[in-house]
Amino acid sequence: MRMSKSFVPTLKEVPADATVASHQLLVRAGYIRQLAAGIYSILPLGQRSILKITRIVREEMNAIGAQEFYLPALNPREIWEESGRWTVMGENMFRLKDRKGADLCLAMTHEEIFTVLARAELRSYRQLPQSWYQIQTKFRDEPRPKSGLLRVRQFTMKDSYSFDLNREGLDASFEKHREAYVRIFDRCGLRTIQVEAHSGAMGGTGSTEFMVPTDAGEDLIASCEKCGYAANTEKAQSKVETPPKYASSAAIEDFATPGVVTIEALAAKPYSVPAEQQLKTLIYVADDKPVIAIVRGDDQLNEAKLQTATGAQVLRPAHPEEIVKWMGAHPGSLGGVAVSLNVLIDQRLVGQSGMVTGANRDGFHLSNVSVARDLAHAKPADLRTVNAGEGCPRCGNPLTVGKALEVGHIFKLGTRYSETMGARVLDEGGREVPIVMGSYGIGIERILAGAVELHHDGDGIRMPLAIAPFHLALLPLQMQDAKVVEAAEKLYADLSAAGVEVLLDDRDERAGVKFKDADLIGIPLRIAVGKKGLAEGKIEWKPRGVPSVELVALGDVVAKATAAVRGK
RNA sequence: CGGGGAGUGGCUCAGCCUGGUAGAGCACCUGGUUCGGGACCAGGGGGUCGCAGGUUCAAAUCCUGUCUCCCCGACCA
């Protein structure tokens, strides 16, 4: 491609509203432009990268026998009602009405539609297994789009779905996807780690996320360097020592704590109750039913874990009015003692006594609370969020916690959709059984953004060769020198004929401008054709990110470039 | 949804406090000089100052409302 005829709007200055590196650089390098919050136009350079990513994805999906579909993004309400997710998705789903007033939505994912196809056509175990996928635009009305391409409202997802007769089949389909994902991210130049994850609104029995470790990410993952354990903190566990430090068999007593509504205030003088001696009581609404969650005062409740423990589809904090109605007191004076509501208590608190909690009476707390005696009605569950430094649940080595970007997520759905939507086949014995499903997603734009987060420097992007918009930038340094132009044009023709994707910067610009733009855009290889080198029949060869240039004879350039590009 | 910040030419911003009818750099166009890491000189085009009301002789500037964008939080009671 010729730069002089291309739309590559690079920017010298950093866009004011971009904070993360990938956002700044993708805008500056002319890959993307923002249209609205969380909505981006992909420009020609970006589209070339996206096409390379999707090509890699297609190759690897096809390689495991998956078949490509293309399903509607515009969906009727009815199928989402069938799965129950018309309600579950809540405000995250874009909804609209057609001219007749019928409800439609823009699909956030495609379990429902694929299941509709499966139930209509799959009748026999002989037709299984099937792996179906598509590369489609998804819509999610994120409460807070941010960080450029990292959290958006419209994006491209490769989503696939497996249909098996039984759990063993699902396990096999799941493992095939896992291996395909490893190859995809590896080929795209992303270092990823696999972590155990929370399944959330997808339902199902188990899931693995593929994470790119980067501070630009929004997830927190806990990992163990010693044994390789890694999990999203929504799911991660740890070994924590919880000796019965405050043990007491004394009877419960209430004591006045006027105005004390925080853990910190109760920990301060004159009460001086350490946070670890307090019970933190939180009120939630799980599928319209109140539930009380209790964790230690210095622990953090993990909503994802609470959702898992309650089995709820929709979980939200209770409103203040609801809390007063159910508990008889305001937040800050709440406790789980002697209440008839459903109570869950963090498992580390089992066996503790001598604890302090709210009395469900404004301005009062209870002391000498024994979990076994006074909270016998509370069900133990894993509710707390792990902290860095706590012991790995497998080997005890201290865990590290770091930020990461989710680029892929694979789920064992099981029969959650096939049962609610009636997708069944007959097995060998002629019995009707629900199809066992898996669901597998990859965020295409996130791969692009993740690659930039991982590969950039002060000069711009250092795009991995496999997903770079071009392999090689060819820079004639003196456009007014006919010999330089002639040599560059010949190289352009020869390299292109050899299959090298070349961006020829034939603009009438100074050399510095061309160097800067090539670096910013992140093209992996660079050839500079200048009159000095040309006098000796040589060009300058420089891979992006390598500090020094190499002089290469004109006649050797094509072979060198094809060798560098081969297989990518 | 809560809190904070910001909307002025394509981009980055100044001007606003203390009202007097809009400016710089970059980008763009023309001419010239330059020509190996974002050149220089001269000339030029381009802005209903987010939108709507209000105050005033006069509003980018003050007041009210509204829209949009960015950041933090949205569980810690």
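Chain A splits into domain 1 (18-236 + 401-452), domain 2 (253-381) and domain 3 (470-565), with bounds taken from an automatic or database domain assignment. This is a predicted model, where local features need pLDDT of at least 70, side-chain atom pairs count only at pLDDT 80 or more, and totals for chains, interfaces and linings use all residues. Residues are numbered from 1 along each chain as its sequence is written, chains are lettered from A, and side-chain values use heavy atoms, leaving out hydrogens and water.

**Domains and cores**
- Between the C-alpha centres of domain 2 and domain 3 there are 67 Å.
- The largest nonpolar core (buried Ala, Val, Leu, Ile, Met, Phe, Trp, Tyr and Cys residues joined through side-chain atoms within 4.5 Å; buried is under 20% relative accessible area, with a 1.4 Å probe and protein chains only) has 63 residues, and Leu-26, Tyr-31, Tyr-181, Ile-184, Phe-185 and Met-463 touch the most other members.
- Domain 1 and domain 3 both chip in residues, so this core sits between them.
- A separate core of 26 residues includes Met-93, Phe-114, Trp-132 and Phe-163.

**Around RNA strand B**
- There are 51 residues around RNA strand B (a heavy atom within 4 Å), and Arg-144, Lys-280, Leu-282, Gly-332 and Glu-540 come nearest.
- Helix 14 (helices are DSSP runs of H or I, at least four residues, numbered from the N terminus) gives the most to this surface, with eight residues.
- Of the strand's atoms within 4 Å of the protein, 48% are sugar or phosphate, and the rest belong to bases.

**Base contacts**
- A polar side-chain atom of Gln-300 is 2.4 Å from a base nitrogen of RNA strand B.
- Leu-301 uses a backbone N or O atom instead, 2.8 Å from a base nitrogen.

Notes:
Buried means under 20% relative accessible area, exposed over 50%, partly exposed in between (1.4 Å probe, protein chains only). A polar contact is a pair of N or O atoms within 3.5 Å; within protein, one must be able to donate a hydrogen and the other to accept it, and residues adjacent in sequence count only if both atoms are side-chain atoms. Helices (H or I, at least four residues) and strands (E, at least two) are DSSP runs, numbered from the N terminus.
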